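Got your viewer ready? Take this short tour with a selection box at hand, and pick each stop as we reach it.

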Amino acid sequence: MKFSAFGSYTYNVIDNSQYLPTTVWGHGQAYKGEKKMEDLLGHLMLTYSNDWGRHHLDALGLAEAQKNILTGFYTTVTNFSIDKFGYNNLQAGAVRLWEGTDSYYEDPRLSSFLGRVNYIYAGRYVATVNARADASSKVGKNNKWGFFPSFSAAWVVSEEPFMKQFDFLNNLKIRAGYGLSGNQGAIDSYNSLQLVKPNGVVSVGGTPTVTMGVIRNANPDLKWEVKRTVNAGVDVGFFRNRLLFTADYYNSKTSDMLYLYDVSVPPFAYNKLLANLGSMRNSGVELGFGVTPLQTKDMELSVNVNVTFQQNKLLSLSGVYKGQQMSAPEYTGISDLNGAGFHGGYNHIVYQIVGQPLGVFYLPHCTGLTQMENGGYKYEIADLNGGGVDLEDGEDRYIAGQAIPKTMLGSNISFRYKQFDVSLQVNGAFGHKIYNGTSLTYMNMNSFPDYNVMQGAPGKNIQDQTATDYWLEKGDYINFDYLTVGWNVPLGKWREYMQNLRVSCSVNNLATITGYSGLTPMINSYIVNNTLGIDDKRNYPVYRSYTVGLSFQF
């Protein structure tokens with residue numbers, strides 16, 4: 001039996017300063033801000049382990065408390081008469097913007113208790129039970145605690161006596177489990193409380209007076225998102241584990257999913273409410289292969305490949321809260337076109353639609369280019385509904401694909417010859433699409449000469465910037481992510497002074513195989529925000545770097 005205690009205190013300060021001179025920003029603008037983050041963490045842990053006969057038991061008990069203190073301020077001033085002071089003298093700016101000054105304080109807290117029992121019989125039957133309870137200051141007062149149990153079991157079939165006759169089989173293990181996990185990441189510190197904040201300045205008796213307004217409804221029932229997951233897998237090893245195979249399947253459903261709903265005023269004090277009414281399903285299969293086809297004293301080659309097939313579906317965003325029926329809009333834009341050179345409406349590209357994967361392209365269909373009277377060309381849009389072309393949501397649009405990849409690839413290949421070794425890391429993504437907003441913008445001759453255009457733009461002479469599926473492309477790619485060549489230098493007579501000497505050279509982002517016509521297919525295809533699935537100049541392109549290393553150990 002062992003007992004341990006741990007505590008930590010972390011303090012971070014971030015200072016931000018910016019000055020936009022009068023030559024590029026009207027009358028000049030200065031900004032200064034500071035963020036302070038304090039993290040206090042402490043836990044007590046008790047572990048127990050014992051073996052008797054063919055039985056093994058180990059157990060763990062953990063109690064943990066965490067507190068964060070977040071404080072900060074910022075201010076923005078404009079109307080500078082000279083640029084000499086920059087952001088070091090805010091008094092030199094004549095105007096302090098109302099929306100440009102703020103300060104804040106937050107102190108979220110989290111308490112957790114975890115218990116785990118692991119039992120093994122005869123080295124081949126394994127059972128594990130976990131029980132976790134968490135209390136957060138972020139959730140509502142009626143649901144402070146969340147309880148998240150889990151159970152898993154495994155059978156090491158290769159340890160059974162009847163399997164010993166198969167010399168080529170070194171490992172065969174079957175696994176299965178079911179469990180709950182909680183998430184509070186979408187909840188800010190005071191989301192469950194009704195909040196007020198300054199919303200303007202009025203004159204009262206000739207004196208400027210700050211007015212206050214409600215900015216959030218109270219929701220004492222705000223609670224943890226809960227994900228229920230069932231998984232099963234198998235591990236197999238052949239020929240002294242020179243050939244390995246793993247397969248895993250998972251299916252999870254997230255309930256009590258958080259979403260910000262539009263509500264009526266009255267009965268609510270504010271027109272938005274964060275509530276737990278949605279649900280979503282994720283499922284997938286992950287396959288792993290490992291092979292060592294060559295293994296001698298002087299030479300070795302090993303190849304490892306992981307392939308993941310993933311599916312996602314937004315099941316529901318509707319429900320009843322305190323007698324009020326609430327639902328999200330049928331079509332909600334997630335990401336849209338932006339960036340220099342883009343202008344025009346209907347710029348929503350990626351949507352959230354119930355019954356579809358999270359993040360689908362919902363676009364008008366372009367049947368080709370049609371010539372206008374001035375000789376230029378525009379996108380010809382199909383009338384999908386039969387009532388004339390209408391680009392509004394729910395009209396002449398269709399689901400043209402998804403932004404998040406359906407299949408992921410990861411691989412590592414390593415080769416050693418005596419003291420020399422080479423390793424290559426490869427990754428890839430398939431089954432998704434990318435909207436080439438850069439081409440939509442810079443193949444539009446209406447942008448010229450205010451903005452540059454692409455080399456092929458004058459030849460096509462497109463004079464239109466309507467967002468259709470014309471510039472929607474497959475995002476499949478294979479990227480040779482990292483190549484390293486190393487040499488473990490023979491030390492000879494220097495062995496008594498030095499244990500190891502290694503020289504290496506690495507190249508990051510060596511090459512990419514893709515059919516995507518843009519600069520790179522490695523954009524944001526994973527994080528659900530306003531850039532998901534869109535290449536429109538807001539993503540800094542992936543760069544190539546070279547590294548030479550020398551390491552030695554005495």
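Start with the aromatic rings: this predicted model holds 18 aromatic pairs. To see one of them, select Phe168 and Phe239, whose rings sit 6.3 Å apart centre to centre with 40° between the planes, a tilted pair. Now colour the backbone around both. Phe168 belongs to the loop between strand E8 (145–156) and strand E9 (169–183), while Phe239 belongs to the loop between strand E12 (225–238) and strand E13 (243–262), so the pair ties together parts that are 71 residues apart in sequence. Switch on a surface and look at Phe168 again: this residue is partly exposed, at 40% relative accessible area.

Next, select Tyr259 and Tyr261. Their ring centres lie 5.1 Å apart and the planes meet at 70°; because an angle over 60 degrees counts as edge-to-face, that is the label for this pair. Are these two tyrosines buried or exposed? Tyr259 is buried, with a relative accessible area of 16%, and Tyr261 is buried too, at 1%.

Before leaving the rings, add Phe166 and Phe238 to Phe168 and Phe239: these four form one aromatic cluster.

Now for the pockets. Select Asp102, Ser103, Lys197, Pro198 and Ile215 and centre the view on them. The largest pocket has a volume of about 620 Å³, and of its 20 lining residues these five are the closest to the centre. Show the ribbon here as well: strand E5 (102–106), strand E10 (195–204) and strand E11 (207–216) each contribute at least two residues to the lining. If you colour the lining of this largest pocket by class, you will find nine nonpolar, four polar and seven charged residues.

For the last stop, select Gln310, Gln311, Asn312, Ile404 and Pro405. Which pocket do they point you to? They lie nearest the centre of the second largest pocket, which is lined by 16 residues. Strand E14 (272–295) and strand E15 (299–316) are the elements that give two or more residues to this lining, and E15 gives the most, with three. The space in the second largest pocket comes to about 280 Å³.

Try the class colouring once more. The lining of the second largest pocket shows seven nonpolar, eight polar and one charged residues. Keep both colourings on screen and you can view the seven charged residues of the largest pocket's lining alongside the one charged residue in that of the second largest.

How values were computed:
Residues are numbered from 1 along each chain as its sequence is written. This is a predicted model: local features need pLDDT of at least 70, side-chain atom pairs count only at pLDDT 80 or more; totals for chains, interfaces and linings use all residues. Side-chain values use heavy atoms; hydrogens and water are left out. On a 1 Å grid over the protein atoms alone, a cavity is a set of points where a 1.4 Å probe fits but cannot get out, and a pocket is an open set with protein on both sides within 12 Å along at least five of seven lines; lining residues have an atom within 4 Å of a point. Grid points are joined across faces, edges and corners, and a volume is the space filled by probe spheres set on the points. Helices (H or I, at least four residues) and strands (E, at least two) are DSSP runs, numbered from the N terminus. Ala, Val, Leu, Ile, Met, Phe, Trp, Tyr, Cys and Pro count as nonpolar, Asp, Glu, Lys and Arg as charged, and the others, Gly among them, as polar. Rings of Phe, Tyr and Trp (its six-membered ring) pair if their centres lie within 6.5 Å; planes under 30 degrees apart count as stacked, over 60 as edge-to-face and the rest as tilted. Buried means under 20% relative accessible area, exposed over 50%, partly exposed in between (1.4 Å probe, protein chains only).
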